[in-house]
Amino acid sequence: MQIWFVITQKGGAGKTTVVTNLAVCAAEQNKKVLIGDLDPQETTVKWWQSREEDKGIQAVKVPQNVDQVKKVLDVAKLKGFDLLIFDTVGQDTRLHNAIIELATLCIVPCQPSLPDIRAVKSTIGMLEKKDVPFVFLITRCPPVGHEFEKTKQGLSAHGLVCPTPTIERKAYKNAYALGLGVSEYDPKDKAVLEMNHIFQWITKAESKLTNREVIR
Ligand SMILES: Nc1ncnc2c1ncn2[C@@H]1O[C@H](COP(=O)(O)OP(=O)(O)OP(=O)(O)O)[C@@H](O)[C@H]1O
Ligand SMILES: [Mg+2]
């Protein structure tokens with residue numbers, strides 16, 4: 001089972017948006033997906049509850065406790081889920097350290113702004129210390145300008161950066177509000193191609209990083 005942990009200590013970086021859309025992309029590839037929501041505000045569980053049909057996705061609230069996380073993981077394996085994605089919030093270092101060790105890949109979203117790049121450094125420190133596979137995903141990029149390239153350059157010193165960012169688009173907000181992924185909200189929106197590229201790249205990066213190969 002793949003276990004993805006979308007982690008950054010910076011609030012509002014786009015974690016939940018990334019988690020919900022990656023879940024939809026995976027489900028569209030016929031994967032059985034479970035989302036473990038560690039956010040006490042249950043942002044992902046609420047998104048899932050507002051879906052008219054689950055379409056291969058389940059979401060469960062996970063108390064912020066290492067034993068509970070392990071329990072969810074065991075149940076997910078027993079029930080035959082292909083992918084378990086954890087969404088989180090805040091700075092519970094002990095809990096985050098434990099999940100980092102269980103994950104097959106950590107995904108670090110980062111907005112292209114100086115405060116966000118500075119704030120991501122503590123997350124990078126945690127990941128580098130554990131020597132676990134992780135990738136960066138730049139989120140909420142302006143549609144024009146050099147923000148993506150500049151941020152990519154800064155983050156590349158620490159690890160792989162997804163070559164496709166999420167662009168700041170209304171479709172992401174609107175889809176969340178309806179319990180949908182962007183592809184379900186509007187198949188013609190540019191966000192759909194973007195998310196599909198991101199999903200494919202992350203999947204490939206995970207298998208390459210797991211095998212410790214070099215990827216482009
Ligand atoms: N690419 C995007 N385009 C437009 N809006 C976006 C995009 N990504 C995220 N958002 C919006 O930004 C806000 C914060 O995103 P999100 O809730 O995904 O972040 P988060 O990291 O989960 O936040 P928290 O730390 O509060 O859990 C939300 O209103 C979301 O709809
Ligand atoms: Mg969130």
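Buried here means under 20% relative accessible area, and exposed means over 50%. Keep those cut-offs in mind, and remember that what you have open is a predicted model.

**Stop 1: helix H6**

Select residues 147-156, which make up helix H6, and pick out Phe148, Thr151 and Leu155: these three are buried. Look down the axis and you'll find that they cover an arc of only 75°, which puts them on the same side of H6. Now turn to the other side of the helix, where Lys150 and Gln153 are exposed.

What do the buried residues of H6 pack against? Show strand S5 (105-110), helix H5 (114-130), strand S6 (134-138) and strand S7 (160-161), and you have the partners.

**Stop 2: from H5 across to H4**

Since H5 is already on screen, go to Lys130 in that helix and then to Glu101 in helix H4 (residues 93-102). Their side chains meet in a salt bridge, 2.8 Å from N to O. The two residues are 29 apart, so this pair links distant parts of the chain. Switch on a surface and compare the two ends: Lys130 has 31% relative accessibility and counts as partly exposed, while Glu101, at 51%, counts as exposed.

**Stop 3: helix H7**

Next, select helix H7 (170-177). Buried or exposed: which is it for Ala171, Tyr172 and Ala175? They are buried. Seen down the axis of H7, they fall within an arc of 100°, so they line one face of the helix. Spin the view to the other side and you get Lys170, Lys173 and Ala177, which are exposed.

The buried residues of H7 pack against H1, H2, H8 and H9, so leave those helices visible for the stops that follow. Before you move on, step just past the end of H7 to Gly179, which takes a positive phi of about 75°.

**Stop 4: Glu184 and its two partners**

From H7, move to helix H8 and select Glu184. Add Arg51 and Lys55, and you have a network of salt bridges linking the three residues. Take the contacts one at a time.

Glu184 and Arg51 form a salt bridge in which the closest N and O atoms are 2.8 Å apart. Arg51 sits in the loop between helix H2 (43-49) and strand S3 (57-61), so the pair ties together parts that are 133 residues apart in sequence. Arg51 is buried, with a relative accessible area of 8%.

Glu184 also meets Lys55 in a salt bridge, this time at 3.9 Å from N to O. Lys55 is in the loop between H2 and S3 as well, so here the parts tied together are 129 residues apart in sequence. Lys55 is partly exposed, with a relative accessible area of 47%. If you want to hunt for others, a search of the whole structure finds 6 salt bridges.

**Stop 5: Val62**

Follow the chain past S3 to Val62, in the loop between S3 and helix H3 (66-78). At 2% relative accessibility, Val62 counts as buried. Which residues does Val62 touch, leaving out those up to four places away in sequence? Select Gly36, Asp37, Leu38, Gln68, Val69, Val72 and Phe86 to see them. For a distance to draw, try Val62 to Asp87: the C-alpha atoms are 9.7 Å apart in space, with the two positions 25 residues apart in sequence numbering.

**Stop 6: the cavity**

The structure holds 1 cavity of 30 Å³ or more, with a volume of about 40 Å³. To find it, select the lining: Asn21, Val24, Cys25, Glu28, Gly181, Val182, Ser183, Val192, Met195 and Asn196. Helix H1 (15-28), helix H8 (182-185) and helix H9 (190-210) each give two or more residues to this lining. H1 gives the most, with 4 residues. Colour by residue type and the lining divides into 5 nonpolar, 4 polar and 1 charged.

**Stop 7: the largest pocket**

Stay with H1 for the last view. About 430 Å³ of space lies in the largest pocket. Of the 19 residues that line it, select Gly12, Gly14, Lys15, Thr17 and Arg140, the closest to its centre. H1 and H7 each supply at least two residues of the lining, and the largest share, 4 residues, comes from H1. Colour this lining by type too: 6 nonpolar, 7 polar and 6 charged.

How values were computed:
Residues numbered from 1 in each chain as written. Chains lettered and ligands numbered in written order. Predicted model: local features only at pLDDT ≥ 70, side-chain atom pairs only at ≥ 80, totals over all residues. Heavy atoms only, no water. Buried < 20%, exposed > 50% of the residue type's maximum accessible area, 1.4 Å probe, protein only. Arc of directions from axis to C-beta. Contact = heavy atoms within 4.5 Å. 1 Å grid on protein atoms, 1.4 Å probe; cavity = no way out; pocket = protein on both sides within 12 Å on 5 of 7 lines; lining within 4 Å. Points joined across faces, edges and corners; volume = space filled by probe spheres on them. Nonpolar A, V, L, I, M, F, W, Y, C, P; charged D, E, K, R; others polar. Salt bridge = Lys/Arg side-chain N within 4 Å of Asp/Glu carboxyl O.
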